[in-house]
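Please look over the model shown here before reading on. The briefing is meant to be read beside it, one topic at a time.

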Protein chains: 2
Amino acid sequence: MNYSKQREEIYEILKENVVHPSAEYIYDILKKANSNISLATVYRNLNKMASSGRIKKIEGLEEKAHFDHNTFEHYHFICQKCGRIFDIDKEVAPEVVIRAQEKTGFIINSYDIVFHGICRECIEKEKENDKICM
Amino acid sequence: MNYSKQREEIYEILKENVVHPSAEYIYDILKKANSNISLATVYRNLNKMASSGRIKKIEGLEEKAHFDHNTFEHYHFICQKCGRIFDIDKEVAPEVVIRAQEKTGFIINSYDIVFHGICRECIEKEKENDKICM
DNA sequence: AAGAAAAGTGATAATAATTATCAGTTTACA
DNA sequence: TGTAAACTGATAATTATTATCACTTTTCTT
């Protein structure tokens, strides 16, 4: 794989963004920063980096795919209110692979856990709203 | 929700199918059984049943969504060779929700685990091939 | 440093899954 | 039995993603 300025720009945005942006989100940021990049290039490079293992593709309940520069084993949480995606530490589900392999006899190469719920910030906001309504 | 013949037919196919069919697969079966059903009707009813909780929508690494009549808490395994989707018992990951809630302070309403690997049948097939090549 | 092959790019057409629309049909229930 | 609400088939529209293609960059060889 050759060096490409565009690819590095995409990677930088991914690294700065805690909430796991989609291809289009990255494209919009670059466009606003007066780049001449094409959406196809964003997709191309995200997929290339994902298949080389430099980044990770998250495909959960959402329509779009989202990407994560953190390739450490960890899980994801999608807030049903604000839509942001958060990391969840590996240790919430220890030995899952071992147990699943023992139980099924299948070879397990990878697995993803996606949680759905309400993040702390949105829980707080709901509390505020309740106060006002009282 | 009113009764509809088409919806019940769709549900029946879902119940008979162990490997969690997609909307199009169900559509094809009905078409072959000389039904006059429309693909839109299949999608409509699958989504309706999924949001009423009668069935479950599985959205993993695949492009298409797949559906499951089993709404008991359980996980899924996608075979990277044959593409079939299998059920994985809940007990491979006990207390995941409790741990995740404690660790994050988020409210968790649901979660999905999708495993990727090779199913037993495909493991056997690979062994056969190895024998032949020796 | 020059020049050729390989890899990458932007623009846009194509694809594929899913959803929206709409006129006609079925269901439920007063 | 009639009417409002829900549902249907056909098909157009939408949305995310991928393929194509002429052109540009990068890399590697000499």
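What follows treats the two DNA strands, then a histidine, then the salt bridges.

The model is predicted, and every distance and accessibility value below is computed from its atoms. Around DNA strand D there are 23 residues, while 21 residues lie around DNA strand C. Across all chains the structure holds 17 salt bridges, of which a few are described here with their surroundings.

**The surface near DNA strand D**

- Among the 23 residues that surround DNA strand D, the closest are Tyr43(A) and Asn47(A) from chain A, together with Ser4(B), Thr41(B) and Lys48(B) from chain B.
- Helix α3 of chain A, which spans residues 39–52, supplies at least two residues of this surface, and α1 and α3 of chain B each do so as well.
- Sugar or phosphate accounts for 76% of the atoms of DNA strand D that lie within 4 Å of the protein, and the rest belong to bases.
- Tyr43(A) places a polar side-chain atom 2.4 Å from a phosphate oxygen of DNA strand D, and Asn47(A) likewise has a polar side-chain atom 2.8 Å from a phosphate oxygen of this strand.
- From chain B, the side chain of Gln6(B) has an N or O atom 2.9 Å from a sugar or linking oxygen of DNA strand D.
- Sorted by class, the surface near DNA strand D consists of 8 nonpolar, 9 polar and 6 charged residues.

**The surface near DNA strand C**

- The residues that come nearest to DNA strand C, out of the 21 around it, are Ser4(A), Thr41(A) and Lys48(A) of chain A, with Tyr43(B) and Asn47(B) of chain B.
- For DNA strand C, 76% of the atoms within 4 Å of the protein belong to sugar or phosphate, and the remainder belong to bases.
- The backbone takes part in two of the contacts described here: a backbone N or O atom of Ser38(A) lies 3.2 Å from a phosphate oxygen of DNA strand C, and a polar backbone atom of Ala65(B) is 2.8 Å from a phosphate oxygen of that strand.
- A base of DNA strand C is also approached, with a polar side-chain atom of Arg44(A) lying 3.0 Å from a base nitrogen.
- Two or more residues of the surface near DNA strand C come from each of α1 (5–16) and α3 of chain A and from α3 of chain B, and α3(A) gives the most, with 5 residues.
- By class, this surface near DNA strand C divides into 7 nonpolar, 9 polar and 5 charged residues.

**His66(A) and its surroundings**

- His66(A) is found in strand β2 of chain A, residues 66–68, and it counts as buried because its relative accessibility is 14%, with buried meaning under 20%.
- The side chain of His66(A) reaches the backbone oxygen of His20(A) at a distance of 2.8 Å.
- Beyond its neighbours within four places in sequence, His66(A) is in contact with His20(A), Pro21(A) and Ser22(A), with Lys56(A), Lys57(A) and Ile58(A), and with Ile85(A).

**Salt bridges**

- In chain A, the side chains of Glu124(A) and Lys127(A) meet in a salt bridge, with 3.6 Å from N to O.
- Glu124(A) and Lys127(A) are separated by about one helical turn, because they lie 3 residues apart in helix α5 (residues 120–133) of chain A.
- Glu124(A) is partly exposed at 43% relative accessibility, and Lys127(A) is partly exposed at 46%.
- In chain B, Arg54(B) and Glu8(B) form a salt bridge whose closest N and O atoms are 3.0 Å apart.
- Arg54(B) lies in the loop between α3 (39–52) and β1 (56–58) of chain B and Glu8(B) in helix α1 (residues 5–16), so this pair ties together parts that are 46 residues apart in sequence.
- Arg54(B) is partly exposed, with a relative accessible area of 31%, and Glu8(B) is partly exposed at 26%.
- Lys81(B) and Glu126(B) also meet through their side chains in a salt bridge, at 3.1 Å from N to O.
- This pair links distant parts of the chain, 45 residues apart, with Lys81(B) in the loop between β3 (75–79) and β4 (85–88) of chain B and Glu126(B) in helix α5 (residues 120–133) of chain B.
- Lys81(B) is exposed, with a relative accessible area of 53%, whereas Glu126(B) is partly exposed at 32%.

Technical notes: Residues are numbered from 1 along each chain as its sequence is written. Chains are lettered from A and ligands numbered from 1 in the order in which they are written. This is a predicted model: local features need pLDDT of at least 70, side-chain atom pairs count only at pLDDT 80 or more; totals for chains, interfaces and linings use all residues. Side-chain values use heavy atoms; hydrogens and water are left out. A salt bridge is a side-chain nitrogen of Lys or Arg within 4 Å of a carboxyl oxygen of Asp or Glu. Helices (H or I, at least four residues) and strands (E, at least two) are DSSP runs, numbered from the N terminus. Buried means under 20% relative accessible area, exposed over 50%, partly exposed in between (1.4 Å probe, protein chains only). A residue is near a molecule or strand if one of its heavy atoms lies within 4 Å of it. A polar contact is a pair of N or O atoms within 3.5 Å; within protein, one must be able to donate a hydrogen and the other to accept it, and residues adjacent in sequence count only if both atoms are side-chain atoms. Ala, Val, Leu, Ile, Met, Phe, Trp, Tyr, Cys and Pro count as nonpolar, Asp, Glu, Lys and Arg as charged, and the others, Gly among them, as polar. Contact means heavy atoms within 4.5 Å.
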